Amino acid sequence: MTSIVLFCRPGFEKECGAEVQEKAAWNEIYGYLELKKNQGIVLFHLHESEHGEVLMNKVPLKRLIFARQWFVTVTDIIDLPDYNRVEAITEALGNEWQYTDLRMEMTDTNDGKELSKFCRKLSVPLRQALRKNKVLTEKSKATEQVDDDGAILHALFFSGQQVILGFSLTRNSSPHIMGIPRLKFPSLAPSRSTLKLDEAFLYFIPREEWDTRLTSGMNAVDLGSAPGGWTYQLVRRGMMVTAIDNGPMAESLMETGQVKHKMMDGFKYLPQKQNVYWLVCDMIEKPQRVAKLMSEWLLHGYCKEAMFNLKLPMKGRYQQVSEDLQAIKDAFNKHNVKYELYAKHLYYDREEVTVHARLLSPAPLIAVDL
Ligand SMILES: C[S@@+](CC[C@H](N)C(=O)[O-])C[C@H]1O[C@@H](n2cnc3c(N)ncnc32)[C@H](O)[C@@H]1O
């Protein structure tokens, strides 16, 4: 049987499953779900085997909110012997297909963490054997270029005795193992939230565009900024930041001279000049209110790009976030603007998703009545 294996935050398997099933059905691809509860793994068993690759080609991973990574299976779960595991895996794989990389993966749980040492050890002889069989091709050392047309081999270990193998397409999968970027907490940042915005920039803004979209000298507004973890990320990139929060900002940030702190309601603040590039918002507020505020800022032309969080409710999380995003799309469509809108449940997010929005056509000149 062919299945799609998806990785998500443990506890969000239901949302991740519902979403992939819905997006697959839009492409007339059907199957049933098996959720590995609290292990952050969803298996979507397909009725038609050939639909695995079709789905990978038709649905961008970027369009799935709750899935961090995915692959199509090429084997069922394999029971591994205590010895000769490498042989068991290479045999199950055969040598019909070639892959440009191997990812040894596990669940994002404590059990998974314990397995990581075992996987690291096994990966050395496994890579060697796969290269010998010409299943794993050498990366071009001259360029270290990622082969965009290639496929990545995934080995997901549920334990030292059980593994499932599959592949993802390089151009439509996460570049990180299990879809998790390991970011270093900057010791000078005033809160752990800082990693959320760091990950968001890394995920949503292509690195080759950082020079024009994330660069020194830009003006930014941070709504709900205290104590300053997000402001820190803007300051560190050389931006001038207006920080809006009734709470205090870290002294170290104020001393940079790049931050203006205004103690006021983020829903009432409006920029004086139209020179703000980034609007970021981490206010703990009703997601409907935040969604409306963000679309207003963009449609008025108060900012060029917005990065913000939408808090998730306890129940009906996928439905709620879909409705919030739809409200933003409706506002944009009402004014006939072209836009880019992506949402992701990032690794450093918890009960919220991160959204990136920007208009691709000029903001309408008319006064906007939402
Ligand atoms: C999760 S914290 C922000 C953390 C911040 N992004 C950081 O990295 O340090 C949420 C902040 O939103 C602020 N907040 C909530 N509602 C607000 C409002 N209506 N206007 C301004 N700030 C608000 C709170 O005071 C709180 O400091």
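**Exercise 1. In which loop is N336 found?**

Solution. N336 is found in the loop between α10 (317-334) and β14 (339-344). Helices (H or I, at least four residues) and strands (E, at least two) are DSSP runs numbered from the N terminus. The model is predicted: local features need pLDDT of at least 70, side-chain atom pairs count only at pLDDT 80 or more, and totals for chains, interfaces and linings use all residues. Residues are numbered from 1 along each chain as its sequence is written, and side-chain values use heavy atoms, with hydrogens and water left out.

**Exercise 2. Determine whether N336 and M178, each with a positive phi, are buried or exposed.**

Solution. Step one concerns the backbone: N336 is not a glycine, yet its phi is positive, about 55°. M178, also not a glycine, has a positive phi of about 60°. Step two applies the cut-offs: buried means under 20% relative accessible area, exposed over 50%, and partly exposed in between (1.4 Å probe, protein chains only). N336 has a relative accessible area of 70% and is therefore exposed. M178, at 7% relative accessibility, counts as buried. M178 is found in the loop between β8 (162-169) and α5 (194-204).

**Exercise 3. Locate the cis peptide bond that joins A226 and P227.**

Solution. The omega of this bond is about 0°. P227 belongs to the loop between β9 (219-223) and α7 (229-236).

**Exercise 4. Describe the surroundings of the ligand.**

Solution. First, 17 residues surround the ligand, a residue being near if one of its heavy atoms lies within 4 Å. The closest are S191, G229, D245, G266 and D282. Next, polar contacts are pairs of N or O atoms within 3.5 Å. A polar side-chain atom of D245 is 2.7 Å from an oxygen atom of the ligand, and one of D282 is 2.8 Å from a ligand nitrogen atom. A polar backbone atom of G228 lies 3.1 Å from an oxygen atom of the ligand. On its own the ligand has 600 Å² of accessible area, of which the protein covers 78% (Shrake-Rupley method, 1.4 Å probe).

**Exercise 5. Identify the residues that touch the most other members of the largest nonpolar core.**

Solution. A nonpolar core is a set of buried Ala, Val, Leu, Ile, Met, Phe, Trp, Tyr and Cys residues joined through side-chain atoms within 4.5 Å. Among the 94 residues of the largest one, L6, F157, L223 and F308 touch the most other members. Helix α9 (residues 287-300) gives the most to this core, with 7 residues.

Terms used:
A polar contact is a pair of N or O atoms within 3.5 Å; within protein, one must be able to donate a hydrogen and the other to accept it, and residues adjacent in sequence count only if both atoms are side-chain atoms.
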